[in-house]
Amino acid sequence: MSDGALTALQAIVGAPHVLTDPDTTARYLTDWTGRRTGRASAVVRPATTDQVSDVVKACAVHGLSICPQGGNTGLVGGSVPPDDDAPRIVLSTTRLSDVEAVDEIDRCIAVGAGVTVAEIARRAAKVGLTFGIDLASRDSATAGGIVATNAGGIHMIRHGDARAQVRGVEAVLADGTVLRRWKRVVKDNVGYDLPGLLAGSEGTLAVITRVLFALRTPAASSFVLVAALDAVPVAFDLLRGLENSGLRIEAAELMTSAGVELLHERGHRRPTEARARYYVLVEVAGPADLESLVVQTVSDVAGIVDTVGEPAPARALWEIREGHTGAIAASSTTVPVKLDVSLPRASMPQALESLAALGQAQTYDCRTIFFGHIGDGNIHLNYLDVPAPAQTELADAALQLVVDAGGSVSAEHGIGRDKVRWMSTRDPADVAAMKAIRAALDPHERLNPGVLW
Ligand code: FAD
Ligand code: 2HG
Ligand code: ZN
C-alpha cells in the first residue's frame with residue numbers, strides 16, 4: 001500500500017486500527033475452516049458508519065478493494081481475501097459494537113454490525129424476548145455477518161432466516177454513500193426491499209454498518225426429544241405427527257450414526273441407548289402437558305427405534321448436535337469437503353443414499369458425515385479425509401446430484417469464493433439480473449471481488 005493510502009486510512013480510524021503487522025493480521029486472513037489464507041495490505045477497523053464511509057471513499061481514491069469481515073466464521077471462503085498481490089484491505093467490523101436498549105414496545109433492537117449473535121440474544125433475554133437467529137457460531141458471528149450471509153441456523157424453522165429478522169439497515173455503498181432504511185414499523189412497502197437485497201449479498205453490494213432486528217416472543221414451555229430411527233421418512237412422519245398434535249416445531253435437526261459416534265469418541269454421550277442409523281433432535285413448544293403430548297405422538301409413529309427427551313434447554317443433547325462442525329474439523333486428515341445443500345423432502349432419502357455412496361466410491365474412500373436442519377430440508381454434507389486433488393471433483397459430483405434431485409447448492413452458508421462455479425445453477429436471466437444489480441451498485445467491483453462472481 002502506498003504511504004498516501006496508509007496515511008489517509010490512519011487519519012480516518014486512528015493509527016492503532018490500521019493493522020499491517022503480519023502477526024496481528026494473520027487471524028483476519030485465514031478463514032474458519034483453514035482452507036483459505038489470503039493477502040491484504042492492511043486490516044482496517046472503523047468504529048462508526050461515517051468512518052466506514054470515509055474508508056470506502058479513501059479506498060476508491062487509492063485503488064484498493066475491500067473485503068468486509070465480521071466474526072470470520074463463514075464456511076465458504078467469503079470473509080478472507082484471495083491469495084494474490086492485488087491491492088486491498090480487510091475491513092473488520094469488530095469496532096462497530098454499539099447496542100441500543102431494546103425497544104420493548106415495537107420489539108426490536110438496534111445494533112452495530114460487529115455485535116455478536118450471542119450478545120443480541122443476551123440483550124433480548126434480559127427483557128423476556130428472544131432473537132430469531134441462533135447458531136453454533138453465536139459467540140463470534142456478527143449482526144452484519146448473519147445479514148450479509150442471510151444465515152439460517154437452528155430456529156429458522158420457527159422464525160425464518162436472517163432476512164426475516166431485519167426491520168432496518170444502515171450500509172455504506174461502494175462510492176461511500178450511506179444508505180439508511182430505518183423504520184421500526186413491521187409493514188413498510190415503499191419501493192424495493194433494499195435491506196432484503198443486502199441480506200445474502202455477501203459483502204458484494206455494501207458494507208452493512210448497523211441493523212435494526214425484530215425480536216420474538218420466546219416459547220413459554222419447550223421440550224427436546226431425540227428419536228433414533230433407521231429411515232429418513234420416519235423423521236418426516238414424526239415432524240408431521242408433532243405438528244398435528246398442536247405442537248410447534250422450534251428446531252428439527254438430523255444427525256447420523258457416524259456423527260454421533262465421532263462425538264461419543266470425543267466425550268459426549270450417545271443420545272439414546274439404542275443405536276440407529278439416524279437421530280432426529282426436535283425441540284417443540286406448546287401447552288403445559290407438553291411431555292405427555294410428545295410421548296403420545298411418538299408412540300403413534302411407526303419406525304422409531306428409541307427416544308430420549310427432557311425439558312429445554314437440554315444442553316447436553318444440543319451439544320452433540322452443535323459439536324459436529326468442530327469435531328469434524330479436528331478429526332479429518334484434510335480440510336473437509338463441506339457442502340451445505342437443501343433437498344425437497346420427497347427426494348431426500350434417495351439423494352442421501354446416493355450422496356453417501358459417492359463418498360464410499362473407490363476413488364474417494366472417505367468418511368462421510370451428514371447432519372443439519374432437516375425440518376428446513378437443509379443437510380450439511382461433510383466428506384472427511386479427502387485428498388486435496390480429489391476435492392473439487394467430489395464436490396462437483398455431489399452438487400450435481402443435489403441439483404438433479406431438485407435441491408439447492410447453498411441452503412444457508414452462501415456462495416463465497418468456494419462455490420462460485422455453481423452460481424450457474426440459477427437461470428441465465430436470473431444471473432444477468434443479479435449482475436446488473438452488482439454493476440449498478442459497485443461498477444468498479446471494489447467490494448469483495450471474487451465472491452459470488
Ligand atoms: P464473516 O465470516 O466475517 O463473513 C461472512 C460473509 O459476510 C463474507 O462474505 C463477508 O465479506 C460478509 N460480511 C461480513 N460482515 C459484513 C458486513 N458488515 N457488511 C457486508 N458484508 C459482510 N451458518 C448458518 O447459516 N447456520 C448455521 O447454523 C451455522 N452454524 C455454524 C456453526 C459453526 C461452528 C461455524 C464455524 C459456522 C456456522 N455458520 C452457520 C456459518 C457462519 O457462522 C455464518 O455464515 C455467519 O453468518 C457468518 O457471520 P460472521 O460475522 O462470522 O461473518
Ligand atoms: C451447522 O448447522 C452449521 O452446525 C455448520 O451450519 C455446518 O459444519 C457444517 O457443515
Ligand atoms: Zn447449519
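These notes cover the annotated domain, one sheet, one helix pair and two ligand shells in a predicted model.

1. **The annotated domain.** UniProt, in an unreviewed entry, lists residues 36-218 as "domain: FAD-binding PCMH-type". In the model, the C-alpha atoms at the two ends of residues 36-218 are 38 Å apart. Helix makes up 21% of the span, and strand makes up 21%.

2. **The sheet.** Four strands build an open sheet. Their order is β1-β2-β4-β3, and the pairing is mixed. The edge positions belong to β1 (18-19) and β3 (65-69). Each of these has a single partner strand, so one side of each has no neighbour in the sheet.

3. **The β2-β4 pairing.** Strand β2 covers residues 42-44, and strand β4 covers residues 88-92. The two run parallel and are joined by 3 bridges. To locate the pairing in the viewer, start at Val44, whose bridge partner in β4 is Leu91.

4. **The shell around ligand 1.** The shell holds 38 residues. Which of them come nearest to ligand 1? They are Gly70, Gly78, Gly144, Gly145 and Gly203. By class, the shell has 14 nonpolar, 22 polar and 2 charged residues. Note that Gly is counted here as polar.

5. **Where the ligand 1 shell comes from.** Three elements, β3, α5 (143-149) and β8 (207-214), each give at least two residues to the shell. Helix α5 supplies the largest share, with 5 residues. Strand β3 is also one of the edge strands of the sheet in point 2.

6. **The shell around ligand 2.** Ligand 2 is surrounded by Ala136, Thr325, Lys338, Gly372, His380 and Asn382. The class count is 1 nonpolar, 4 polar and 1 charged. Ala counts as nonpolar and Lys as charged, so the nonpolar residue is Ala136 and the charged one is Lys338.

7. **The α13-α14 pair.** Helix α13 spans residues 348-360, and helix α14 spans residues 388-404. They pack at about 170 degrees, with axes 10 Å apart. Angles over 145 degrees count as roughly antiparallel, so α13 is roughly antiparallel to α14.

8. **What lies between those helices.** How many charged residues does the contact of α13 with α14 have? There are no charged residues; the contact has 7 nonpolar and 1 polar. From α13 come Ala351, Ser354, Leu355 and Leu358. They meet Ala397, Ala398, Leu401 and Val402 in α14. The polar residue is Ser354, because Ala, Leu and Val are classed as nonpolar.

Terms used: Residues numbered from 1 in each chain as written. Chains lettered and ligands numbered in written order. Predicted model: local features only at pLDDT ≥ 70, side-chain atom pairs only at ≥ 80, totals over all residues. Axes fitted to C-alpha atoms, helices over the stretch in contact; angles between N-to-C directions. Parallel < 35°, antiparallel > 145°, perpendicular 65-115°, else oblique. Contact = placed C-beta atoms within 7 Å. UniProt positions renumbered as here; feature names shortened; annotations may be inferred. Pairing = 2+ DSSP bridges. Near = placed C-beta within 6 Å.
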